[in-house]
Structure formats: structure tokens, C-alpha cells
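Trainee: Could you pick one part of this model and take me through it slowly, with whatever sits around it? I'd like to see how you reason from one point to the next.

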Amino acid sequence: MENKYDCLIVGSGTSGTYLAYRLSKLGFSVLVLDKEKEENVCNRFDLIHFPLNDFSKHQLETPNINDEDCVEIFHDGYTRSALDKNEKKNRKDIFAAHFHKLFLRFKKQAINEGAEFTYETEVKTILYDNKRKPNGLLLIKDNKAIRLYANLIVDATGIRSALRKHMHSDYVDPFYVSSMDRFYVVLTYVEWLDKKRTNEITSWPYYKSWVAPSDNEFGGLIGTGAVGSVEHALEKQEEFLNNVKIKDYKVIKTETGSTPYSRSPFSFVSDNFFICGDSACLTNPMSGEGMAMTFDYIDMALPTLEKCLRNKDCSVNNLWPINVEYNSKVGCFNNLIRTLVIALFYMSKEENDYLFEKNIIFKSDGDKEPNMLFALISGRLKRRISHKSFKKLIQQYTKGNKLCNHYKAYPKHPKDYKRWMNKANKLWNNAGKVAEYDK
């Protein structure tokens, strides 16, 4: 290890490794640190899905079916209603992969571009210069204290947000991601008794459950997610299996884990500091998946990061465009969806079927986009949607729209951030959380 780098990234999961790859590809010196052994990185689940077309979009080597990390490449996804009467079909070119081996694929490409990695390395504290700006890290490696310095320090440590929570800054949001802000996932790996392997993914949003391919010759996996706890996710999976008929199977193994299901920090940057991945709570508001969203976010941030690193000036003023672009163009709409999702937990199975029937939220490729408000009013008049559910949908849409508009008006300069943040806090407190209704 050198003493000084352009960038120090703490956390060698997929987001930290991908950022290292892209920055190294631009010619910057990058060191990725992780407290774990390499074999323990990205192993919370055996399998993970990633959009196949995203490999080329993110300048990554496109995989093929014979690669070591590949489980399946499938092209169709199905979404089914609560009563299992209505189905939507969407083209989804998905790479199903062994999670740890996929990480090794990304790491190999990062190393080929010049990135360095070190494991079993503990970050003791953030180092600051005489202006109280972070400029390095104090590490413990092999029982020895090491000081490393960089123009940019990145928190990619995942949900625990090891750096973000301890930063001394007016711009870094130190909130804790509690169990009520996490999407807990149960993956049950099965072997189908009819000896026919699953080759596509089918999901039932009402039960937050899905059936997908696994690496077993005659198998698949049954996945379920829920906010609050693993126990709640297990209860939801049992509810799913009691209400939806799937093929007979025997259980091979079960895995559990969690991902953030929370608003993102109000600011992703501070002086010489950047947040990405689960540390930034970047997850899909509908599915809870995060890797594809994070890679898009990193790509959006790259031009600003490159400019700052080239000029050796990663001040909060220079990094601020990352906040503005993401929040005003992407975060705003994710917040609307995240707020609207709460209303879906109010709905009955019959009401969920009505949404499918009228292409509200759920639709196949090529289906005509409905006038959502008209379709909801029609459903209310025909008593297909209850007064309680209709009222909650309108309330949550109104709250979400206010959040969306507030994020579209994200302050162009840090000096206006505090006032904007205070209002955002009030809007989020009023929007509610999924955990309050997912019972």
C-alpha cells in the first residue's frame, strides 16, 4: 500500500468495487479497504439477479451462460395478482449469478484497471486536516496502525454506514437504519418434485414474494421480503404459500438477509467525502433491490467525481452537483413511489386484483397506460375499491407528490441546504413508513 491515494473506498462490496473499477479506469489511484476476509464479501446470499444489459451499459464485461458465476440467463418475468387470476408479462433479460463469484468478476476488472484491495483491515477513525476536512484514515492492519491519505474518501460499508454515522459535517446525514427501515429477505432453495427446473422469475407483489431460478438442476428458489424482521418475512412467506398454489417441492436450504428500505441521506457528499451503495440507502422502492440502482447512481456521479479528482479539489461545493442531479432527476420519483407503496398495504386481495385488471401500476409490455385517477374513481364507484383504500391512495399520492416536487427543487448550493433539509424532514415525517402498515 502507498501512503497517499486519489481515493480510499471503505467497503469492497459490489458498489465499492464498481466505483473502484470506474475511477481506476479513468486513471486514478484507488485503494479499497474491507474489514472482512475476501471470502466473506458478498456472501449474505448465494444468488443475486442483475440486468444483463447493464453490463455493457456500465462498461463491464458481458457474461455468458458458461461462466463460473452464472446460474441462469432468463428473458421473461411474470407478475401475478393476489388472487392469482391476473398475470403481466415483461421482457427482463436477467443474469442470475452466484453473488460472491459475481463480486470476484467485478473485482478482477477493477484490478486490471489498477485498483488495489486489502482485507482484514479495520478503520479506527477518520483523519482531518487543520480545517477540519477529512483527508485520510487511521487503519489497523496485522495489529499495526497505518495512516493513509486521499483526496476523496468513500463510505461503501453497507447498511452499517461505518463512516457516514461518524462524520463531523453539516452535510452528512448520520441517521441510523433501524430494523423498521430494512427489507428482510428469506430465500428458500427448493427442488421441484416434478424435476422441472425454473427458468424465469414470477413475482406476487401483494405477498412480496417471488419464484426464481436456482443452481439446482431440478430446482428454484422461493423468495419473500418484509420490513421489520426475519421472523416477519418468514410469516409472510408462509402466508404466500398458503394462498398461492405452486409446484410441490422439498426444501434444500434457507438464507436470510436484509437491505435498506429507507429514504436516502439528504446529502450524499461533504468535503472530500462521498457515499454510495447501501450506505446511501439506494434501493428500488418497489422491489428493495439495490445493485442496479447504485451502479446508475455511480455513473451519474462519475463526471463530477472525475472533475474534482483531476483538480485535486473535492470540496463540498465542487461535489454538490451529485446531490442536485440525483435528487432532482431520480430521487424525486423514487420518493413518490416509496410513499405511494404504503397505500398498497391497505388494499385487500380483491382490490389488488382490480389494479392488475385495469393495468394500474402493474402492466405488461405494450399495455396501454391507463388514466390512473379515472381508473381508481371508477373502481371506487363500482365498489371494487373500498373507501378506506381509495382515501389512503389519494393521501399517499398527495404526500408523495409534495416530496417529489421538493426534491426536484433541491438546492443548487450548500448554503441553502439546511432550510431545504428541515422541510424535507417534515415531509418525510408526514409521509409515514411501510413498517407502520406491513403487518
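Mentor: Start with a ruler: the expected span of a helix is 1.5 Å times one less than its number of residues. Keep in mind that this is a predicted model. Now try the ruler on helix H10, which runs over residues 417–431. With 15 residues, H10 should span 21 Å, and its end C-alpha atoms are 21 Å apart, so the expectation and the model agree.

Next, ask what is hidden. In H10 the buried residues are Tyr417, Trp420, Met421, Ala424, Leu427, Trp428 and Ala431. If you look down the axis of H10, these buried residues fall within an arc of 125°, so they line one face of the helix. Turn to the other side of H10 and you find Lys418, Arg419, Lys426 and Asn429 exposed. And what does the covering? The cover over the buried residues of H10 includes H6 and helix H9 (387–408). Past the end of H10 comes glycine 432, with a positive phi near 85°.

Two of those names come back when we look for open space. The second largest pocket has a volume of about 330 Å³. It is lined by 19 residues, and the closest to its centre are Asp181, Arg263, Trp428, Gly432 and Lys433. So you meet Trp428, one of the buried residues of H10, and the glycine that follows H10 again here. H6 and H10 each give at least two residues to this lining. By class, the lining of the second largest pocket splits into 9 nonpolar, 5 polar and 5 charged.

Now follow H6, one of the helices covering H10, to a closed space. There is 1 cavity of 30 Å³ or more, with a volume of about 110 Å³. Its lining has 16 residues, and those nearest its centre are Ser264, Tyr326, Gly331, Asn334 and Asn335. Helix H6 (residues 316–344) provides the largest share of that lining, 6 residues. Sorted by class, the cavity lining holds 7 nonpolar, 7 polar and 2 charged residues.

Tyr326 and Asn334 lead us one step further. Methionine 293, in helix H5 (residues 291–310), has contacts beyond its neighbours within four places in sequence: Leu282, Thr283, Asn284, Pro285, Tyr326 and Asn334. Its relative accessible area is 17%, and buried means under 20%, so methionine 293 counts as buried. The C-alpha atoms of methionine 293 and serine 15 are 10.0 Å apart, although 278 residues separate the two along the chain.

Serine 15 is one of the buried residues of H1, so let's try the ruler there too. The 12 residues of H1 (residues 14–25) should span 16 Å, and the end C-alpha atoms are 16 Å apart, which agrees. H1 is mostly covered, with 11 of its 12 residues buried.

Finally, go back to H9, the other helix named as cover for H10. H9 also helps cover the buried residues of H8, along with helix H7 (349–357). In H8 (residues 372–381), Ala375, Leu376, Ser378 and Gly379 are buried. They cover an arc of only 160° around the axis, which puts them on the same side of H8. On the other side of H8, Phe374 and Leu381 are exposed.

Terms used
Residues numbered from 1 in each chain as written. Predicted model: local features only at pLDDT ≥ 70, side-chain atom pairs only at ≥ 80, totals over all residues. Heavy atoms only, no water. 1 Å grid on protein atoms, 1.4 Å probe; cavity = no way out; pocket = protein on both sides within 12 Å on 5 of 7 lines; lining within 4 Å. Points joined across faces, edges and corners; volume = space filled by probe spheres on them. Helix = DSSP H or I, 4+ residues; strand = E, 2+ residues; numbered from the N terminus. Nonpolar A, V, L, I, M, F, W, Y, C, P; charged D, E, K, R; others polar. Buried < 20%, exposed > 50% of the residue type's maximum accessible area, 1.4 Å probe, protein only. Arc of directions from axis to C-beta. Contact = heavy atoms within 4.5 Å.
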